[in-house]
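Colleague: I am new to this structure and would be grateful for a close look at a single part of it. Please take the packing of its helices, and set that part within the chain as a whole.

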Amino acid sequence: MVTDAPTPEPMPALPEAGEVARLLGLGEFKQAVERAKQAHLRHATAESEALLVEAHAARIGSLCDRGLHADARTLLDLVRARHPAAAARLADVAAWVASEIGSLADAVGPLAGPELPDDLPATHLQPGAGGEWPLSQWS
């Protein structure tokens, strides 16, 4: 498809992104979140919000890794409320947290959300007549 619309120039990477990545690599999750918050306050762009959400996602993962599941869940809920534009990314994080906690209902909950692909028939989300889930259809 050919279009006459100009191609936007790629946005330069946030200067803080490298520092946030470095902190995450060192396992300094709380500091990485704080740095990403500063970047988002300074820039207030979709890119800075994505950086902040990724830092939060890593921190949530670290809380789960340390067995602090309630804290991870609380932080996830807070981030969801503050960053609704990141719903799809946070749905992935929520499913992972739920799997770590062992909550099957929470783990499969995102399958019923608005992020569900249009080409997935609703019948895949319903149990069969006997109450069993048609897992054979997914293999």
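Modeller: The account below begins with the whole chain and then turns to the packing of its helices. The model is a predicted one. Its protein chain has 139 residues, of which 27% count as buried. The secondary structure comes to 6 helices and 0 strands, and from the N terminus on the elements run α-α-α-α-α-α. The accessible surface is about 9,100 Å², and 59% of that surface belongs to carbon and sulfur atoms. Among contacts between residues at least 6 apart in sequence, 42% join residues at least 24 apart.

The part to examine is the contact of α3 with α5. The axes of these two helices come within 11 Å and cross at roughly 0°. Because angles under 35 degrees count as roughly parallel, α3 is described as roughly parallel to α5. From α3, the contact draws on Val53, Glu54, Ala57, Ile60, Gly61, Cys64 and Asp65. From α5, it draws on Arg89, Leu90, Val93, Trp96, Val97 and Glu100. By character, the residues of this contact divide into 8 nonpolar, 1 polar and 4 charged.

Several of these residues also belong to the interior. The largest nonpolar core has 14 residues, and those with the most contacts inside it are Ile60, Ala72, Leu75, Leu76, Leu90, Val93 and Val97. The elements that give two or more residues to this core are α3, spanning 46–65, α4, spanning 69–82, and α5, spanning 87–101. The largest share, 5 residues, comes from α3. Val97 illustrates how the core is joined: leaving aside neighbours within four places in sequence, Val97 is in contact with Ile60, Cys64 and Leu76. A second, separate core has 10 residues, including Leu14, Val20, Ala32 and Val33.

Val53 deserves individual attention. This residue is found in helix α3 and counts as buried, since its relative accessibility is 3%. Beyond its neighbours within four places in sequence, Val53 is in contact with His83, Ala86, Arg89 and Leu90. Val53 and Ala85 are 32 residues apart in sequence, and their C-alpha atoms are 10.0 Å apart in space.

His83, one of the partners of Val53, lies in the loop between α4 and α5. His83 is nevertheless buried, because its relative accessible area is 8%. Not counting residues up to four places away in sequence, His83 touches His40, Glu49, Leu52, Val53 and Leu90. Leu90 is thus named among the contacts of His83, and also among those of Val53.

Two other loop residues may be set beside His83. Ala44 is placed in the loop between α2 and α3, and Ala44 is exposed, with a relative accessible area of 58%. The phi of Ala44 is near 50°, a positive value in a residue other than glycine. Most residues other than glycine have a negative phi. Gly27 is placed in the loop between α1, spanning 17–25, and α2, spanning 29–43. Gly27 counts as partly exposed, because its relative accessibility is 35%. The C-alpha atoms of Gly27 and Ser62 are separated by 8.3 Å, although these residues stand 35 apart along the chain.

Key. Residues numbered from 1 in each chain as written. Predicted model: local features only at pLDDT ≥ 70, side-chain atom pairs only at ≥ 80, totals over all residues. Heavy atoms only, no water. Core = buried A, V, L, I, M, F, W, Y, C linked by side-chain atoms within 4.5 Å. Buried < 20%, exposed > 50% of the residue type's maximum accessible area, 1.4 Å probe, protein only. Helix = DSSP H or I, 4+ residues; strand = E, 2+ residues; numbered from the N terminus. Contact = heavy atoms within 4.5 Å. Areas by Shrake-Rupley, 256 points an atom, 1.4 Å probe, with all protein chains shown as cover. Axes fitted to C-alpha atoms, helices over the stretch in contact; angles between N-to-C directions. Parallel < 35°, antiparallel > 145°, perpendicular 65-115°, else oblique. Nonpolar A, V, L, I, M, F, W, Y, C, P; charged D, E, K, R; others polar.
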